[in-house]
Amino acid sequence: MRIFINHVDTYTGYALCAGLRRFNGVTNRMFGTAKGSRDEADDKETQPATQGDAEWSTEPNRLTVPASIRRLIFKRNPQQLLKNLLSCSLIVYDLHTTDPDEVEDIVKKLRRAAIEKPTVFVLISSVMVWAKTKQEFVERDPEEETQGDDGDDASSGKRSEQKASDEEENGGGDSRDDEANEDDSDADSDDSEEEEPVEEKDTEEGAAQEEDEPLPERFKGTKSISRLRKPRKSSPPERVLKPRLLTGSEFERRIPAKRYEKWKTIETLVMSLGSKENLTTYVIAAGAMYGQGEGPFYAAFKAAWLGLQTHKIISPGNNFVPTIHTRDLASLVRRLAAGTSEEPYHIAVDMSHVTQYDIIQTIVNRVGQPYEVEEVTQEQAMLFENADLLTVDLRMVPSSEMTALDFPWLCKEGLPANIDRVAAEFCKWRNLRQVKILVAGPPGSGKSLLTGLLAAKLNTPAVRTQDVVDASKLKGDELGSLLREKWSQLVEDQKKKKSNGPGAGTSSGANTSRRVRFDVETMTKIFNAKLSENVCRFRGFVLDGYPRTYQEAAALFLRPKKKEDGGKDGNATEDGDAGGDLEEQPSEEEPPPAEMEFEPLKAPDYVIILKSADVHCEERMMNVPQNQVIPGHNDRDGFFRRLAQHKLTNESVHGEPSLADFFQERKREVLTLDVDGKSTDDILESACVYIEKDGRFFNFLKSERQSILDKEQELQRRIQEAERKKAEEEELAREEEQRVLAERRRRDMERLQKIAHHEHEVIMARSIPLRRYLMQSVVPALSEGLLQVCRVMPEDPVDFLAEFLLAEAQKSSNSGPAEL
């Protein structure tokens with residue numbers, strides 16, 4: 001069968017290619033168009049996987065054209081596109097990734113074209129076309145399956161049945177024919193005769209075409225996580241009246257949301273096209289799609305994986321959101337490919353009737369760090385992406401094709417019930433790996449520094465021993481109570497031992513508390529609980545200095561090897577009678593010890609052991625800032641005590657195995673890194689090269705190009721900051737210079753004022769004797785002369801005054817010697 005899929009490089013396109021690649025024992029010939037490279041044949045990178053999903057355009061893991069696509073058809077030649085459409089037996093268009101006008105144009109061309117062989121046209125639409133449909137509300141539907149309180153916990157039996165049915169249906173789903181080297185002209189040849197089955201071959205097409213694998217251990221919920229999934233006090237109130245279940249036969253009643261009015265028009269056009277000879281049309285209203293890297297729920301999964309608390313529940317949160325896994329949607333399209341279904345309209349939803357709160361809170365609880373998601377009003381969420389889809393309130397019945405007993409369900413019970421599987425798909429499709437690293441070495445070698453740098457660079461939490469122990473003691477669970485009780489007992493025992501021994505009064509309380517250590521069994525419990533948290537199960541961890549010894553590593557990282565065929569139980573059944581005899585005649589030989597294997601959830605994939613000379617370790621330890629010194633731990637006495645302990649357990653001359661031996665015995669590569677004489681950047685670079693030896697992983701890290709751009713921007717920012725500081729300093733210098741000049745002018749003016757005042761005072765001081773002289777020698781004679789002038793009133797008063805003064809002067813001269 002020749003199959004055409006529009007936009008094969010999109011979110012649903014990959015699922016459709018995987019589901020339609022092979023069925024009924026025949027490998028189909030797949031053709032399609034690419035959304036990301038409409039006009040360039042050699043362009044392998046594509047545009048966003050979902051319409052409106054901005055994250056895809058900024059991240060490096062864009063989808064490429066699936067390898068199962070025999071030939072890519074370009075839209076720049078409409079006639080060639082129509083010719084290829086008419087040569088196919090199945091045509092699939094998805095409105096989620098296609099412009100409605102483009103679909104309308106194709107429908108009009110098919111209406112005018114002559115179709116010579118039976119053809120099936122499938123249009124994938126959305127349940128949002130039903131969003132405003134007038135509904136009835138009921139308390140309970142008789143045909144509705146009873147839902148448990150914990151709808152997000154799926155039973156293992158149901159998963160096994162789903163897996164078995166899917167494997168039976170997709171038996172050859174991993175293979176593809178060896179047609180890559182054939183000439184592309186064969187694609188336009190007549191395909192009326194039946195094609196021969198093609199021998200299956202291995203493929204590396206990706207997760208979309210792989211068989212269902214057993215769920216990795218790290219994606220299986222732990223007891224502590226399951227406890228968080230119980231109904232919480234802040235969950236939305238349970239609804240008494242629920243929307244009545246809608247069926248596909250009621251499609252004429254559907255009323256779309258405003259943004260989807262054009263979609264309803266396209267649906268009607270496609271169904272009207274079914275009256276054309278040799279053409280059968282189907283419309284599929286798909287629920288909110290999930291799985292295989294995520295579409296509408298991508299932002300929620302990403303934020304949860306990163307541990308961000310940015311999720312929002314749009315009030316009230318108890319609305320029902322229809323959902324469907326993309327693989328189940330592809331299975332429905334595969335069943336419709338035969339063209340035997342009499343129903344023109346199909347609803348593609350799973351059997352779950354879950355609320356918005358159930359979906360978002362389950363993602364947070366099982367993928368991220370559990371917390372109570374904040375509720376926002378619908379007005380506040382107007383600009384949220386996919387807000388209309390998350391606030392829809394619909395309960396719908398799947399198509400009769402999906403309710404058939406032989407339908408190969410993958411996630412029949414919905415997203416919350418299959419959250420572990422969906423989370424595993426999300427990590428696999430997004431290349432998100434659990435990065436498990438152990439950094440060990442002697443005290444003062446720089447373990448904590450390297451741990452922090454690796455954690456920051458790889459977006460992975462740093463697990464430090466003291467922080468983990470302190471946090472565990474504060475928990476309110478059973479482990480926290482046990483730790484507090486045991487810690488108090490250990491401190492008391494240590495104090496008694498110190499008080500009874502020599503030098504009882506020399507040890508401080510802090511020093512005593514610091515030297516108290518939990519035993520290996522207790523530390524194993526603490527780290528088991530920590531490494532089982534979501535953040536470690538998904539993102540990994542960087543262990544800072546623990547475990548320190550071979551024994552601690554064995555207790556934390558090993559578990560009894562699981563027997564594949566359950567031979568132990570089988571032997572007990574077969575030798576049931578013999579077992580009674582063994583009780584009377586006990587065996588002299590002890591049973592062999594259980595074979596151990598790595599615990600996949602906790603065993604580190606990368607082990608870095610730092611090496612440094614004692615003198616350099618001591619120098620680094622003594623350079624620790626005084627406010628970070630902890631008595632008995634990183635002071636001089638604590639350093640030498642810890643160094644001696646490290647040498648005893650890892651550098652023993654008696655041949656005792658070291659921490660490095662533990663991993664090397666189990667074929668795990670260990671990087672021994674000598675840090676003396678190396679810069680921090682060199683040490684970090686060496687560690688990163690070792691960690692990325694098997695290839696780079698995405699983990700929402702920055703690409704090399706982005707890192708270079710960020711460094712350039714940071715350098716530019718530093719240059720601009722330096723220039724700004726320099727300009728500020730120059731401005732301050734100018735201001736200071738002006739201030740100094742103004743101060744100098746002020747001082748000069750004050751000095752001049754003081755000089756003028758002084759001169760005035762000097763003049764005034766000198767004027768006092770002169771006055772006295774005038775008053776004694778001049779004023780009496782002058783006054784008398786003026787009086788005579790007034791009495792006589794001569795014609796020439798000046799001459800008269802002059803003669804008078806001259807006569808007075810002679811009198812004074814004649815009388816002067818006599819007085820002397």
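Which residues are linked with Lys262 in a network of salt bridges? In the predicted model before us, the partners of Lys262 in that network are Asp101, Glu104 and Lys108. I shall return to salt bridges shortly, after a word on one helix.

Let us begin with helix H3, which covers residues 78-86. Which of its residues are buried? They are Leu81, Asn84 and Leu85. These residues span an arc of only 105° around the axis, and therefore they lie on the same side of H3. A general point about helices may help here. An α-helix has 3.6 residues a turn, so residues three or four places apart point the same way. What do the buried residues of H3 pack against? Three strands are involved, namely S1 (2-5), S5 (69-72) and S6 (90-94), together with helix H4 (100-112).

I turn now to the cysteines. The structure holds zero disulfides. Two cysteines may be mentioned for their surroundings: Cys88 is buried at 0% relative accessibility, and Cys536 is likewise buried, with a relative accessible area of 0%.

Next, the salt bridges. How many does a search of the whole structure find? The search finds 40. In general terms, side chains of opposite charge can pair when their charged atoms come close.

Consider Glu250. Its side chain meets that of Arg244 in a salt bridge, at 2.9 Å from N to O. The side chain of Glu250 also meets that of Arg253 in a salt bridge, again with 2.9 Å from N to O. Is Glu250 buried or exposed? With a relative accessible area of 14%, Glu250 is buried, because buried means under 20%. Arg244, by contrast, is partly exposed at 24% relative accessibility, and Arg253 is partly exposed at 35%.

A further salt bridge joins the side chains of Arg464 and Asp544, at 3.0 Å from N to O. This pair links distant parts of the chain, as Arg464 belongs to strand S17 (residues 462-464) and Asp544 to strand S18 (residues 540-544), 80 residues apart. Asp544 is buried, with a relative accessible area of 9%, whereas Arg464 counts as partly exposed at 25%.

These two strands bring us to the sheet. In what order do its strands stand? Five strands form an open sheet in the order S17-S18-S16-S21-S22, with parallel pairing. Why is one side of S17 left without a neighbour in the sheet? S17 stands at an edge, as does strand S22 (670-674), and each has a single partner strand, so one side of each has no neighbour there. On average, neighbouring strands of this sheet are turned by 20° against each other, direction ignored.

Within the sheet, strand S16 (residues 435-440) pairs with S18 in the parallel sense over five bridges. Val439 stands opposite Asp544 in S18, and Asp544 is the residue whose side chain meets Arg464 in a salt bridge. Finally, helix H15 (residues 465-474) packs on the sheet and touches S17 and S18. The direction of H15 makes about 75° with that of S17.

To close, I would draw your attention once more to Asp544: this buried residue lies in strand S18 and forms a salt bridge with Arg464.

Terms used:
Residues numbered from 1 in each chain as written. Predicted model: local features only at pLDDT ≥ 70, side-chain atom pairs only at ≥ 80, totals over all residues. Heavy atoms only, no water. Buried < 20%, exposed > 50% of the residue type's maximum accessible area, 1.4 Å probe, protein only. Helix = DSSP H or I, 4+ residues; strand = E, 2+ residues; numbered from the N terminus. Arc of directions from axis to C-beta. Contact = heavy atoms within 4.5 Å. Disulfide = S-S within 2.5 Å. Salt bridge = Lys/Arg side-chain N within 4 Å of Asp/Glu carboxyl O. Pairing = 2+ DSSP bridges. Axes fitted to C-alpha atoms, helices over the stretch in contact; angles between N-to-C directions.
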